[in-house]
Amino acid sequence: MVAALREQEIALYLEPEDKWYRIGDVESGNRQFVVADPDGYLLRFFEELGERSCQG
């Protein structure tokens with residue numbers, strides 16, 4: 001999806017990044033990016049990275 005946006009020269013509002021969120025004793029991960037639609041609304045797309053043990 002990111003490659004297709006770049007081919008069309010559509011700028012990303014937030015470059016792809018991995019984010020981990022603590023949920024109890026584990027962290028749940030997402031790879032995400034944000035793009036603005038033609039009306040200026042921000043759209044966040046993500047894919048799940050799974051879970052991992054909390055690190056500290």
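**Burial, salt bridges and contacts in a predicted model**

Q: In this predicted model, what is the relative accessible area of Glu47?
A: Glu47 counts as partly exposed, a class that lies between the limits of 20% and 50%. Glu47 belongs to that class because its relative accessible area is 44%.

Q: Which residue's side chain meets that of Glu47 in a salt bridge, at 3.9 Å from N to O?
A: The pair links distant parts of the chain, with Glu47 in strand β3 and its partner in strand β2, 16 residues apart. The partner is partly exposed, with a relative accessibility of 37%. The salt bridge joins Glu47 to Arg31.

Q: Which residue is linked with Arg31 and Glu47 in a network of salt bridges?
A: The side chains of Glu47 and Arg31 meet in a salt bridge at 3.9 Å, N to O, and this pair belongs to a network that takes in one further residue. The network links Arg31 and Glu47 with Asp18.

Q: How many salt bridges does a search of the whole structure find?
A: Among them are the pair of Glu47 and Arg31, the pair of Glu15 and Arg6, and the pair of Arg52 and Glu27. For the whole structure, the number of salt bridges found is 4.

Q: How far apart are the closest N and O atoms in the salt bridge between Glu15 and Arg6?
A: Glu15 is partly exposed, at a relative accessible area of 43%, and Arg6 is likewise counted as partly exposed, at 45%. Between these two residues, the closest N and O atoms are separated by 2.4 Å.

Q: Is Glu27 buried or exposed?
A: Glu27 is found in strand β2, which covers residues 26-36, and it forms a salt bridge with Arg52, the closest N and O atoms being 2.6 Å apart. That pair links distant parts of the chain, since Arg52 lies in strand β3 and the two residues are 25 places apart. Arg52 is partly exposed at 29% relative accessibility. Glu27 itself has a relative accessible area of 15%, which is under the 20% limit, so it counts as buried.

Q: With which residue's side chain does the side chain of Glu27 make a polar contact?
A: Leaving aside neighbours within four places in sequence, Glu27 is in contact with eight residues if Trp20, Tyr21, Arg22, Gly50, Glu51, Arg52, Ser53 and Cys54 are listed. One of these residues also holds a polar contact, side chain to side chain, at 2.6 Å. The residue concerned is Arg52.

Q: Which elements each supply at least two residues of the largest nonpolar core?
A: The largest nonpolar core has 5 residues, namely Val2, Leu5, Leu12, Phe33 and Val35. One of them, Phe33, is in contact with Val2, Leu5 and Leu12, among others, when neighbours within four places in sequence are left aside. The elements that each supply at least two core residues are α1 (2-7) and β2.

Q: What is the area of the nonpolar surface patch made by Tyr13, Leu14 and Leu42?
A: One member of the patch, Leu42, is found in strand β3, residues 42-53. Leu42 counts as partly exposed, at 45% relative accessibility, and patches take residues with over 30% relative accessible area. Together with Tyr13 and Leu14, Leu42 makes a patch of about 310 Å².

Q: What is the relative accessibility of Asn30?
A: Asn30 lies in strand β2, and beyond residues up to four places away in sequence it touches Glu17, Asp18, Lys19, Tyr21, Arg44, Phe46, Glu47, Glu48 and Leu49. Asn30 counts as buried because its relative accessibility is 11%.

Q: How far apart in space are the C-alpha atoms of Lys19 and Glu7?
A: Lys19 lies in strand β1, residues 14-23, and is partly exposed at 35%. Its contacts, neighbours within four places in sequence left aside, are Ser28, Gly29, Asn30 and Gln32. Glu7 is 12 residues from Lys19 in sequence, and the C-alpha to C-alpha distance is 25 Å.

Q: What distance separates the C-alpha atoms of Tyr21 and Asp39?
A: Tyr21 is found in strand β1 and counts as partly exposed at 37% relative accessibility. Beyond its neighbours within four places in sequence, Tyr21 is in contact with Val26, Glu27, Ser28, Asn30, Gln32 and Arg44. Asp39 lies 18 residues from Tyr21 along the chain, and their C-alpha atoms are separated by 30 Å.

Notes
Residues numbered from 1 in each chain as written. Predicted model: local features only at pLDDT ≥ 70, side-chain atom pairs only at ≥ 80, totals over all residues. Heavy atoms only, no water. Helix = DSSP H or I, 4+ residues; strand = E, 2+ residues; numbered from the N terminus. Buried < 20%, exposed > 50% of the residue type's maximum accessible area, 1.4 Å probe, protein only. Polar contact = N/O pair within 3.5 Å; in protein donor to acceptor, adjacent residues only side chain to side chain. Contact = heavy atoms within 4.5 Å. Patch = residues over 30% accessible without salt bridge, like charges linked within 9 Å, V, L, I, M, F, W, Y side chains within 5 Å. Areas by Shrake-Rupley, 256 points an atom, 1.4 Å probe, with all protein chains shown as cover. Core = buried A, V, L, I, M, F, W, Y, C linked by side-chain atoms within 4.5 Å.
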